[in-house]
Amino acid sequence: MLSAEVLYSNTVYKEIPRKIPIEGYTDNHIHIDPINGEGLNAVKKFEHAGGRFIFLVCKTTADWKLQPTEEGLLKLSDKTISISKTINKETNVKSFPVIGIHPADFVLMCNRFSIKAAKEIGFKVIEKMGKKIVNEEAIALGEVGRPHFEVENEVYEACNDFLLKIMETAADINCAVQLHTETVTDTHFTEFREMALQAGLKPYKVIKHYSPPLIKAGEKTGILPSLIASKENIARAVREGNRFLMESDYIDDLSRPGAVVGPKSVPRISRLLYERGVINEEDLWKIHKDNIEHAYGISLDY
Ligand SMILES: [Zn+2]
């Protein structure tokens, strides 16, 4: 039987858990497309499900019938920034634009122009995007990296050169980078760490979008995994720790329903797993607030 003293000391010394506000969930990687998708409506669905913050990532130029040129790419990021402003005005969701050149666009540029021209245009665009981040129009560079489909060796190498340049820009302006790559294992995390260090970028500012639950590898290398909000994924992840982010990678395209999980998935899965005792309040705070604040260097206000 427990003595009163033990009970008392437990009550006194037990850390008071921080309550996750019901509106406190963060989706680290979402696309909103007012042309092909639901647009603001998808954001409202997220909000009604208990969502509060989103990292709004650029789509590809093809999605909005733009050309993968300097002009087209800058238009793409400006449009993303403008959608973000509308979201912040019309809903209670706070959105942060993440701008960059999608690897699919970069590969397209290599094939359509030349590798040399693709790099030249790419470098120029990333420099201009970096200025937008300095001006606080956007928060980070992404999604950038390597295509998930196979390409010629030369193009793959060009992607790596370009990624290094992007990381150097990120290091200069001290912003985070959201990586899109082929399917990864922990050796890739070591590779990304080395690349970041070479660029002078802190590895914890490198976020691997669409990451498998490689939590231990992330802790070891500094790379921050961002996981698709599925029950299996998150349940597996928390067995290794809570240093990760959650995302829907919702693409908001009505012609491709169910291509990925819906806009409500991050709040829905978070709440479900919390209610089932798979994740606890501290996990929620880490995933939806602390890890985000650390990587992006911001503070989230509820
Ligand atoms: Zn995406």
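Which residues are linked with Glu70 in a network of salt bridges? Lys124 and Lys128 are, and the three residues form that network together. The model is predicted. It holds 12 salt bridges and 0 disulfides. The points below cover salt bridges, a charged surface patch, cysteines, backbone geometry and one exposed lysine.

**Salt bridges**

- Glu70 and Lys128 meet through their side chains in a salt bridge, with an N to O distance of 2.7 Å. Glu70 belongs to helix H3 (residues 70–90) and Lys128 to helix H5, so this contact ties together parts that lie 58 residues apart in sequence.
- Both ends of that bridge are partly exposed: Glu70 has a relative accessible area of 22%, and Lys128 has a relative accessibility of 37%.
- Glu191 pairs with Arg146 in a salt bridge whose closest N and O atoms are 2.7 Å apart. Glu191 sits in helix H7 (residues 186–199), while Arg146 is in the loop between S4 and helix H6 (153–173), so the pair ties together parts 45 residues apart in sequence.
- The two partners differ in burial class: Glu191 counts as partly exposed at 27% relative accessibility, whereas Arg146 is buried, with a relative accessible area of 0%.
- Glu282 forms a salt bridge with Lys286, and here the closest N and O atoms are 3.7 Å apart. The two residues are 4 apart in helix H11 (residues 281–296) and are therefore separated by about one helical turn.
- Glu282 is partly exposed, with a relative accessible area of 30%. Lys286 is also classed as partly exposed, at 27% relative accessibility.

**Positive surface patch**

- Lys231, Lys264, Arg268 and Arg276 form a positive surface patch.
- One of these residues, Lys264, lies in the loop between strand S8 (245–247) and helix H10 (265–275). Lys264 counts as partly exposed because its relative accessibility is 39%.

**Cysteines**

- A search of the whole structure finds 0 disulfides. Cys58 is in no disulfide, and the nearest cysteine sulfur, that of Cys175, is 13 Å away.
- Cys58 is buried, its relative accessible area being 2%.
- Why is Cys159 not bonded to Cys110? The sulfur of Cys110 is the closest cysteine sulfur to that of Cys159, but at 5.9 Å it is too far for a bond. The cut-off for a disulfide is a pair of cysteine sulfur atoms within 2.5 Å.
- Cys159 is buried, with a relative accessible area of 0%.

**Backbone geometry**

- Most residues other than glycine have a negative phi, and most peptide bonds are trans. The next points list departures from that pattern.
- Gly142 and Glu143 are joined by a cis peptide bond, with omega at about -15 degrees. Glu143 is placed in strand S4 (residues 140–145).
- Glu136 is not a glycine, yet has a positive phi of about 65 degrees. Glu136 is in the loop between H5 and S4 and counts as exposed at 71% relative accessibility.
- Asp252, also not a glycine, has a positive phi of about 50 degrees. Asp252 is in the loop between S8 and H10.
- Is Asp252 buried or exposed? Asp252 is buried, with a relative accessible area of 0%.
- The loop between S8 and H10 thus holds both Asp252 and Lys264 of the positive patch.

**Lys131 in helix H5**

- Lys131 lies in helix H5 (residues 115–134) and counts as exposed, at 54% relative accessibility.
- Lys131 and Leu201 are 70 residues apart along the chain, and their C-alpha atoms are separated by 17 Å.
- Helix H5 also contains Lys128, the partner of Glu70 from helix H3.

Key: Residues are numbered from 1 along each chain as its sequence is written. This is a predicted model: local features need pLDDT of at least 70, side-chain atom pairs count only at pLDDT 80 or more; totals for chains, interfaces and linings use all residues. Side-chain values use heavy atoms; hydrogens and water are left out. Patches are made of residues with over 30% relative accessible area and no salt bridge: like charges are joined within 9 Å, nonpolar side chains (Val, Leu, Ile, Met, Phe, Trp, Tyr) within 5 Å. Accessible areas come from the Shrake-Rupley method with a 1.4 Å probe; for residues, only the protein chains shown count as cover. A salt bridge is a side-chain nitrogen of Lys or Arg within 4 Å of a carboxyl oxygen of Asp or Glu. Lys and Arg count as positive and Asp and Glu as negative; His and the chain ends are not counted. The place of a charge is taken as NZ of Lys, CZ of Arg, CG of Asp or CD of Glu. Buried means under 20% relative accessible area, exposed over 50%, partly exposed in between (1.4 Å probe, protein chains only).
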